[in-house]
Amino acid sequence: MSKVAILGAGRWGTALGLVLSRKGNEVMLFDKNPSVVEALKEGRDPYWGIGFEKKPLATTHLEEALDFSQYILIALPVQVIRKVLEGKSIKGKIFISASKGLEVGTNKRVSEVLKELFPDCKVLALSGPSFAEETAKGLPCAVVLAGEDVALLREVRQLFSSEPFRVYLSEDIVGVELGGALKNVIAIACGISDGLGFGDNARAGLITRGLVEMVRLGTALGGKVQTFYGLSGLGDLVLTSTSSKSRNRTFGFLLGQGLSLEQAQEKIGQVVEGKETVKAVKELSEKLNLYAPISWAVYRVVVEGEEPLKVARELLLRPPQNDFEGL
Ligand SMILES: NC(=O)c1ccc[n+]([C@@H]2O[C@H](COP(=O)([O-])OP(=O)(O)OC[C@H]3O[C@@H](n4cnc5c(N)ncnc54)[C@H](O)[C@@H]3O)[C@@H](O)[C@H]2O)c1
């Protein structure tokens with residue numbers, strides 16, 4: 001039995017709080033939202049009404065959460081992580097990042113941001129196909145925990161691992177984090193396609209060619225090819241690109257249906273990581289001179305506000321490439 005601090009008591013932080021709590025760990029959730037914190041203190045989860053068997057600790061004070069444990073699970077939106085933690089004195093702790101995306105401006109993965117802020121700490125990443133609600137309900141899922149220190153991976157796996165929450169291990173933290181970040185951009189493309197009524201064939205094509213793009217960029221940035229065919233790559237890509245529960249896909253779907261960027265974001269009301277990460281993907285692919293037509297198309301719609309149908313048509317009019325590079 002261990003103590004774990006969770007930064008971010010949104011849907012994912014709360015779902016992971018339930019997983020950890022069911023395993024007998026003591027958790028403290030930190031969030032800026034007082035009503036979420038009050039609900040959690042009473043043992044109620046504020047999203048699905050599932051409830052904690054043992055009341056968790058919850059706080060709006062960051063320092064309290066940071067002092068609580070040597071394990072700090074990050075479930076905050078990627079773009080706020082630096083702002084929340086910058087200037088804090090944190091030494092010798094173990095961060096587990098469960099957030100998926102790239103930091104806009106620096107184009108860094110979350111573990112890179114954390115390492116830069118706290119060079120003295122160890123950082124792992126947890127990713128894979130896992131919607132918060134299903135995880136919170138205790139339905140089966142398989143995720144991957146990545147890091148460089150195998151002994152530490154085994155230690156941290158014990159905190160989470162249970163019959164419904166299967167935790168696989170990986171030494172490729174670069175590939176695992178990039179898979180979780182890049183798939184959100186492709187999911188927006190699939191949503192746009194679905195919203196435009198392009199059908200199942202188009203979606204399958206986008207998923208497959210999107211995976212090619214993920215591998216191209218991800219391996220150039222240091223991830224291993226096989227990681228992109230694993231849980232944090234293909235696994236999460238399929239989940240996010242095909243389910244109506246996915247925020248990134250739904251965001252794209254609403255744009256495809258004709259809603260404005262503001263209307264779509266307002267309707268979703270939660271963090272849509274892919275619409276930020278696509279900015280980093282655009283910069284990185286251009287800097288590395290890598291071909292990423294699907295991500296660039298998403299950028300034009302989501303950042304530059306171009307009309308989805310026009311951009312999709314242009315994507316379809318490109319000369320098709322070889323199915324495999326090097327043919
Ligand atoms: N929801 C899922 O199914 C799921 C699954 C896997 C990974 N993730 C990842 O987890 C991360 C969080 O997603 P989520 O679904 O929990 O989002 P969410 O919108 O449900 O929750 C985000 C939480 O962060 C809090 N927050 C925002 N800014 C803050 C700040 N400055 N200080 C303190 N708290 C702050 C908000 O109050 C909110 O409670 C994302 O990177 C997402 O990609 C989500």
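In this predicted model, a good place to begin is the ligand, where one of the ligand's oxygen atoms is 2.8 Å from a polar backbone atom of Ala132. Gly10 also takes part through its backbone, with an N or O atom lying 3.5 Å from a ligand oxygen. Arg247, by contrast, uses its side chain: an N or O atom there is 2.6 Å from an oxygen atom of the ligand. Taken alone, the ligand would expose 830 Å², and the protein buries 88% of that area. Around the ligand there are 24 residues, and those that come nearest are Arg11, Asp31, Ala132, Arg247 and Glu273.

Attention can now turn to the sheet. Eight strands make up an open sheet with mixed pairing, and following them across gives the order β3-β2-β1-β4-β5-β8-β9-β10. The edges are formed by β3 (57-59) and β10 (165-170); each has a single partner strand, so one side of each is left without a neighbour in the sheet. From one strand to the next, the twist averages 25°.

At the β10 edge, the pairing can be followed in detail. Strand β9, which covers residues 141-146, pairs with β10 in the parallel sense, and six bridges join the two. One of the residues involved is Leu145, whose bridge partner in β10 is Leu169. Helix α7 (residues 150-160) lies across β9 and β10, and also across β1 (3-7), β4 (71-74), β5 (94-97) and β8 (122-127). Relative to β10, helix α7 runs at about 170°.

A further feature to look for is a pair of helices. Helix α8 (residues 173-195) and α12 have axes that come within 6 Å and cross at roughly 35°, and this crossing is right-handed. On the α8 side, the residues that meet α12 are Asn184, Ala187, Ile188, Gly191, Ile192, Asp194 and Gly195. Their counterparts in α12 are Asn248, Arg249, Phe251, Gly252, Phe253 and Gly256.

Helix α12 spans residues 247-256 and is also the place of Thr250. Leaving aside neighbours within four places in sequence, Thr250 is in contact with Ser244 and Ile268. Thr208 offers another point of reference: Thr250 and Thr208 are 42 residues apart in sequence, and their C-alpha atoms are 19 Å apart in space.

Note on methods
Residues numbered from 1 in each chain as written. Predicted model: local features only at pLDDT ≥ 70, side-chain atom pairs only at ≥ 80, totals over all residues. Heavy atoms only, no water. Pairing = 2+ DSSP bridges. Helix = DSSP H or I, 4+ residues; strand = E, 2+ residues; numbered from the N terminus. Axes fitted to C-alpha atoms, helices over the stretch in contact; angles between N-to-C directions. Contact = heavy atoms within 4.5 Å. Near = heavy atom within 4 Å. Polar contact = N/O pair within 3.5 Å; in protein donor to acceptor, adjacent residues only side chain to side chain. Areas by Shrake-Rupley, 256 points an atom, 1.4 Å probe, with all protein chains shown as cover. Left-handed = near helix turned anticlockwise from the far one by under 90°.
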